[in-house]
Amino acid sequence: MNKIVIVLGLVALASGVAGCQPHPEEVCSHIDGVFAKDPEAAKYKKFDKANCVSNGEMKKEMGVYRTYAKCVKETSTVVGVNECAKVMDAALK
């Protein structure tokens, strides 16, 4: 009986954790808004939302998306978005 409770608890935990990450579309919309509002954005190449969503899906499969998405959602500057990308790139190495 205890094993069943433990297994069910782990399944519930895993499904809860998997459901906590925002969808790439949501994260990329936030980044698009940051680029639209931040005057520093002119120093960077134009933001490509479609490419962002595609890359977000790949990052989810690699297991590094959750940390990146959380970081991006907490920033309001282009510099902050780029710092989040650097952290994610380091995690991939």
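**Disulfide pattern**

I looked up the disulfide pattern first. Counting bonded cysteines along the chain, I read it as 1-2, 3-4. The model is a predicted one. I find two disulfides in the structure.

**Cys-28 and Cys-52**

I checked the sulfur atoms of Cys-28 and Cys-52. They sit 2.0 Å apart, and the pair forms a disulfide. I then looked up the handedness of this link. The angle about the S-S bond is -85°, and the link is left-handed.

Which helices does this pair connect? I place Cys-28 in helix α2, residues 24–37. Cys-52 is in helix α3, residues 49–62. The two cysteines are 24 residues apart, so I note a link between distant parts of the chain.

Next I asked whether Cys-28 is buried or exposed. Its relative accessibility is 2%. The cut-off for buried is under 20%, so I enter Cys-28 as buried. For Cys-52 I have a relative accessible area of 13%. I enter Cys-52 as buried, too.

**Cys-71 and Cys-84**

I moved on to Cys-71 and Cys-84. A disulfide joins them, with 1.9 Å from S to S. I looked up the angle about this S-S bond and got -80°. The link of Cys-71 and Cys-84 is left-handed.

Which parts does this pair tie together? Cys-71 lies in helix α4, residues 65–73, and Cys-84 in helix α5, residues 78–92. The pair therefore ties together parts that are 13 residues apart in sequence.

I checked accessibility here as well. Cys-71 comes out at 29% relative accessibility, so I count it as partly exposed. For Cys-84 I have 2%. I count Cys-84 as buried.

**Thr-75**

I turned to the loop between α4 and α5, where I find Thr-75. Is this residue buried or exposed? Its relative accessibility is 12%, so I log Thr-75 as buried.

What does the side chain of Thr-75 reach? I traced it to the backbone nitrogen of Thr-77, at 3.5 Å.

I then listed the contacts of Thr-75, leaving out residues up to four places away in sequence. Thr-75 touches His-30, Val-34, Gly-80 and Val-81. I note that Gly-80 and Val-81 fall within the residue range of helix α5, 78–92. His-30 and Val-34 fall within the range of helix α2, 24–37.

Notes:
Residues numbered from 1 in each chain as written. Predicted model: local features only at pLDDT ≥ 70, side-chain atom pairs only at ≥ 80, totals over all residues. Heavy atoms only, no water. Disulfide = S-S within 2.5 Å. Helix = DSSP H or I, 4+ residues; strand = E, 2+ residues; numbered from the N terminus. Buried < 20%, exposed > 50% of the residue type's maximum accessible area, 1.4 Å probe, protein only. Polar contact = N/O pair within 3.5 Å; in protein donor to acceptor, adjacent residues only side chain to side chain. Contact = heavy atoms within 4.5 Å.
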